[in-house]
Amino acid sequence: MNHLDPEAERDAEPAGTGRLREALAAAAYDVTPSRVPLAAVERRGRLLRRRRRTTVLGAGCAVLLAPLAFVALHGPDDGDRVTRPAATVSASPAPSTSPTAPAPTPRVVEPGERVTAAPGFVLWLTEEGMHWTTPDMPEGQFRSVVDGNIDRGTPGISMQSEGTDGRVLLSGLYYGGEGTASVVEVGSEDGPVRGRLLELPGRPGWGVWYAVAHTDVLTQVTVRDTEGRVYATLP
């Protein structure tokens with residue numbers, strides 16, 4: 001097989017084709033390229049950069065303002081208002097009225113039990129009557145309830161007084177009243193003096209009262225029952 005030399009192939013190209021190529025090359029060399037519009041390109045580039053920057057900033061502001069817009073629309077306490085349970089209003093219970101304190105009653109003592117009303121002023125009761133001592137009479141005194149000198153079926157009060165050390169020691173019997181004896185009050189020029197009551201067990205129908213005053217100007221002695229009524233009085 002015969003191989004052609006490349007140089008021979010180029011020489012074999014038609015003569016017209018070669019002349020056309022040479023004419024085109026000469027025309028290209030004669031073309032002067034126009035100037036590149038650099039200023040316009042730079043302005044276009046700056047405009048595109050500003051648009052990109054504005055777009056980025058706008059997106060960032062939108063991200064930052066979204067939580068604020070949510071807070072402005074819903075308020076800071078919306079969550080609390082949703083989750084916090086409504087307060088329950090309950091009526092306060094009506095204050096209970098305390099019961100009235102019961103009226104006092106006589107102190108119940110055993111026969112022969114000593115009660116010190118003031119220094120040196122000691123009392124005790126037996127079934128026969130009232131016994132007492134004072135600083136001036138330490139040997140003791142006695143007032144009977146069985147010798148017939150008192151009527152225990154009729155309300156009554158007795159009284160004896162001894163003055164000592166600027167005090168007046170008052171005591172006596174009370175008996176015969178209805179109900180339960182409660183308090184004793186002695187009238188004096190200094191005002192009423194409250195005393196105390198003693199009785200033996202078993203409601204014997206009589207008892208002993210005593211008080212300490214600071215004046216010997218005395219008026220009335222009154223024993224009242226637990227209902228506030230007069231149990232007995234003197235005079």
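Is arginine 194 buried or exposed? Arginine 194 is exposed, with a relative accessible area of 59%. Keep this residue in mind, as we will meet its partner in one of the views below.

**Figure 1. The whole chain is a predicted model with four helices and 14 strands.** Welcome to the overview of this predicted model. The protein chain has 235 residues, and 27% of them are buried. About 16,700 Å² of the chain is exposed, and carbon and sulfur atoms supply 57% of that area. Now look at contacts between residues with a separation of 6 or more: 53% of these join residues 24 or more positions apart.

**Figure 2. Confidence falls below 50 over residues 6-12 and stays under 50 over residues 61-83.** For the protein chain, the mean pLDDT is 77, and 58% of the residues reach 70 or more. Over residues 6-12, where the pLDDT is below 50, the model has one contact beyond near neighbours in sequence. Residues 61-83 also stay under 50, and for this stretch the model has three contacts beyond four places in sequence.

**Figure 3. Glutamate 162 is a buried residue with no salt bridge.** You can find glutamate 162 in strand E7, which covers residues 160-164. Which side chain of opposite charge is nearest to glutamate 162? That side chain belongs to arginine 143, and it is 10 Å away. A salt bridge needs the nitrogen and oxygen atoms to be within 4 Å. Setting aside neighbours within four places in sequence, glutamate 162 is in contact with Trp132, Thr134, Gln141, Arg167, Val168 and Leu169.

**Figure 4. Tyrosine 174 and tyrosine 231 form an edge-to-face pair.** A search of the whole structure turns up one aromatic pair. The ring centres of tyrosine 174 and tyrosine 231 are 5.8 Å apart and the ring planes are at 80°, so the pair counts as edge-to-face. Planes over 60 degrees apart earn that name. Tyrosine 174 sits in strand E8 (residues 167-175) and tyrosine 231 in strand E14 (residues 230-234), so the pair ties together parts that are 57 residues apart in sequence. Both tyrosine 174 and tyrosine 231 are buried.

**Figure 5. Arginine 107 meets glutamate 113 in a salt bridge.** How many salt bridges does the structure hold? The structure holds three, and this view shows one of them. Between the side chains of arginine 107 and glutamate 113, the N to O distance is 3.4 Å. Arginine 107 is partly exposed, with a relative accessible area of 42%. Glutamate 113 is also partly exposed, and its relative accessible area is 29%.

**Figure 6. Glutamate 185 is joined to arginine 194 by a salt bridge.** Here is the partner promised at the start: glutamate 185 forms a salt bridge with arginine 194. The closest N and O atoms of this pair are 3.4 Å apart. Glutamate 185 counts as partly exposed, at 36% relative accessibility. Arginine 194, as you read above, is exposed at 59%.

**Figure 7. Aspartate 225 and arginine 229 form a salt bridge between a buried and an exposed residue.** The closest N and O atoms of aspartate 225 and arginine 229 are 3.2 Å apart. What is the relative accessible area of aspartate 225? For aspartate 225 the value is 4%, so this residue is buried. Arginine 229, on the other hand, counts as exposed, at 52% relative accessibility.

Terms used. Residues are numbered from 1 along each chain as its sequence is written. Side-chain values use heavy atoms; hydrogens and water are left out. pLDDT is the predictor's confidence in each residue, from 0 to 100. Contact means heavy atoms within 4.5 Å. Helices (H or I, at least four residues) and strands (E, at least two) are DSSP runs, numbered from the N terminus. Buried means under 20% relative accessible area, exposed over 50%, partly exposed in between (1.4 Å probe, protein chains only). Accessible areas come from the Shrake-Rupley method with a 1.4 Å probe; for residues, only the protein chains shown count as cover. Lys and Arg count as positive and Asp and Glu as negative; His and the chain ends are not counted. Rings of Phe, Tyr and Trp (its six-membered ring) pair if their centres lie within 6.5 Å; planes under 30 degrees apart count as stacked, over 60 as edge-to-face and the rest as tilted.
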